[in-house]
Amino acid sequence: MGSRSSATDGFAEFTLDLSHPFYVHPSDSPESQLVAIPFNGIGFFHWRSSMLTSLSANNKLGIVTGKVAQPQPNSPYYPFWERYNDMVKAWITNSLTREIAVSVMCLNTAGEVWSDINKRFGQSNGFKYIQIQR
């Protein structure tokens with residue numbers, strides 16, 4: 001999972017294994033859009049399925065399912081979790097229309113964003129919500 005390796009300045013550097021959920025690959029970008037068509041309030045279950053598949057393929061599903069917990073701020077894993085959280089939050093919001101993305105930007109974690117979207121649109125009143133917003 002995590003490992004320590006010697007750095008040339010005498011400090012131990014904390015690194016993550018490539019398979020660790022907190023690992024963010026150098027080619028991952030917050031600007032990436034994981035689904036072809038941003039969610040606009042219609043077709044929620046198709047969008048959700050596509051997002052779950054994409055997050056799983058990127059080994060980032062645990063943050064939205066709750067299987068990967070946020071470490072304590074004093075943990076050596078915390079800075080990695082922050083980057084992981086920010087990346088997934090950006091991926092989710094980039095997969096939403098501007099109107100919906102703006103409504104979740106104030107939430108702190110990708111898990112909170114995911115939960116909010118699922119509560120609002122995963123029920124039959126999701127379409128009514130977007131109509132009211134327009």
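**View 1. Met87 is a buried residue of helix H3.** In this predicted model, Met87 has a relative accessible area of 6%. That falls under the 20% cut-off, so Met87 counts as buried. Helix H3 covers residues 78–94. Setting aside neighbours within four places in sequence, Met87 is in contact with Val24, Asp28, Ser29 and Pro30. Take Asp28, one of these partners. Met87 and Asp28 lie 59 residues apart in sequence, yet their C-alpha atoms are 8.1 Å apart in space.

**View 2. Helix H3 packs against helix H5.** The two axes come within 8 Å and cross at roughly 30°. An angle under 35 degrees counts as roughly parallel, so H3 is roughly parallel to H5. H3 brings Asn85, Val88, Lys89 and Ile92 to the contact. H5 brings Ala110, Val113, Trp114 and Ile117. By class, the contact has 6 nonpolar residues, 1 polar and 1 charged.

**View 3. Asp116 and Arg120 form a salt bridge in helix H5.** The closest N and O atoms of Asp116 and Arg120 are 2.7 Å apart. A search of the whole structure finds 1 salt bridge. Both residues belong to H5, which runs over residues 110–121. Asp116 and Arg120 are 4 residues apart, about one turn of the helix.

**View 4. Asp116 and Arg120 fall in separate exposure classes: partly exposed for Asp116, buried for Arg120.** Asp116 has a relative accessible area of 24%. Arg120 has a relative accessible area of 14%. Buried means under 20%, so Arg120 is buried.

Key. Residues numbered from 1 in each chain as written. Predicted model: local features only at pLDDT ≥ 70, side-chain atom pairs only at ≥ 80, totals over all residues. Heavy atoms only, no water. Salt bridge = Lys/Arg side-chain N within 4 Å of Asp/Glu carboxyl O. Helix = DSSP H or I, 4+ residues; strand = E, 2+ residues; numbered from the N terminus. Buried < 20%, exposed > 50% of the residue type's maximum accessible area, 1.4 Å probe, protein only. Contact = heavy atoms within 4.5 Å. Axes fitted to C-alpha atoms, helices over the stretch in contact; angles between N-to-C directions. Parallel < 35°, antiparallel > 145°, perpendicular 65-115°, else oblique. Nonpolar A, V, L, I, M, F, W, Y, C, P; charged D, E, K, R; others polar.
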